[in-house]
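This briefing goes through the strands, the nonpolar core and the charged pairs of one chain. Please keep the sequence and the structure in view while reading.

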Amino acid sequence: LLTVPLLFPFYGHALVQRPRSSPADTATYASGGLKITVAYSRPYKKGRVIFGALVPYNEVWRTGANEPATFTTNKELSIGGKPLPVGTYTLWTTPHADQWQVIFNKRMYKWGINMEGRASRDAAEDALEITVPVEVLPDVTEQFTIRVVDHKVPTLELAWDKVQVSVPLE
């Protein structure tokens, strides 16, 4: 009985949430009845070498930090000529120096990596994969950023450091 009063003062401290070093954010798009939402975490560059180092080349990345990014669409899309049905997907990427694979996976995951530090994605659950070229940016994007912008068609853009990839969503 004596230990209960001693532990009680620490209980409230254990419930305090510390701010994440990679804060959560949401990118949204709405036009012509199409609604897209991308929920993700935004790590900072902090002077680090990002692609080919912190985020290795040729390995699947959870695309952000913490939990994998999620991509939700209320209408079927055509991505690289392949259909992506209405729904919510986890968004994964495999960065390479000159191109990336962008992967939409049907399964939701609690965390983006396993105990070995590798992406926890199950490839059997992939709904769609597309390869897109790397664009070299003139300036550094300090914080990982996802947005959906209107070009000729809605376009998913992922940018960090001096790298950007763009995925047309038709």
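Two strands count as paired if DSSP finds at least two bridges between them. The model discussed here is predicted. Its strands form an open antiparallel sheet, its largest nonpolar core has 34 residues, and the salt bridges number five.

**Sheet**

- The open sheet is built from seven strands in the order 1-2-3-6-7-8-9, with antiparallel pairing.
- Strand 1 and strand 9 are the edge strands; each has a single partner strand, so one side of each has no neighbour in the sheet.
- On average, neighbouring strands of this sheet are turned by 30 degrees against each other, with direction ignored.

**Strands 8 and 9**

- Strand 8 (residues 126-150) runs antiparallel to strand 9, and 10 bridges join the two.
- Three residues lie between strand 8 and strand 9, and the two strands form a hairpin.
- Glu135 has Gln164 in strand 9 as its bridge partner.
- Asp150 stands opposite Pro154, a residue of strand 9.
- Strand 9 covers residues 154-168 and is mostly covered, with 13 of its 15 residues buried.

**Nonpolar core**

- In soluble globular proteins, nonpolar side chains tend to be buried together.
- The largest nonpolar core here has 34 residues, and those with the most contacts inside it are Ile36, Val38, Phe71, Ile79, Phe104, Leu156 and Leu169.
- At least two residues of this core come from each of strand 1 (24-31), strand 2 (34-41), strand 3 (69-73), strand 4 (77-79), strand 6 (87-95), strand 7 (99-105), strand 8 and strand 9.
- Strand 8 gives the most to this core, namely seven residues.
- Which residues does Val38 contact, leaving aside its neighbours within four places in sequence? They are Asp25, Thr26, Ala27, Thr70, Phe71, Ile146, Val148 and Leu156.

**Salt bridges**

- Side chains of opposite charge can pair when their charged atoms come close.
- The count of salt bridges in this model is five.
- Asp122 and Arg107 meet through their side chains in a salt bridge, at 4.0 Å from N to O. Both Asp122 and Arg107 lie in the loop between strand 7 and strand 8, so the pair ties together parts that are 15 residues apart in sequence.
- Asp122 has a relative accessible area of 29% and is partly exposed; Arg107, with a relative accessible area of 39%, is also partly exposed.
- A salt bridge joins Asp126 to Arg121, with the closest N and O atoms 2.6 Å apart. Is Arg121 buried or partly exposed? Arg121 counts as buried because its relative accessibility is 19% and the cut-off for buried is under 20%.
- Glu157 and Arg147 form a salt bridge in which the closest N and O atoms are 2.8 Å apart. This pair links distant parts of the chain, with Glu157 in strand 9 and Arg147 in strand 8, 10 residues apart.
- Glu157 is buried, at a relative accessible area of 7%, whereas Arg147 counts as partly exposed at 30% relative accessibility.

Note on methods: Residues are numbered from 1 along each chain as its sequence is written. This is a predicted model: local features need pLDDT of at least 70, side-chain atom pairs count only at pLDDT 80 or more; totals for chains, interfaces and linings use all residues. Side-chain values use heavy atoms; hydrogens and water are left out. Buried means under 20% relative accessible area, exposed over 50%, partly exposed in between (1.4 Å probe, protein chains only). Helices (H or I, at least four residues) and strands (E, at least two) are DSSP runs, numbered from the N terminus. A nonpolar core is a set of buried Ala, Val, Leu, Ile, Met, Phe, Trp, Tyr and Cys residues joined through side-chain atoms within 4.5 Å. Contact means heavy atoms within 4.5 Å. Axes are lines fitted to C-alpha atoms, for helices over the stretch in contact, and angles run from 0 to 180 degrees between N-to-C directions.
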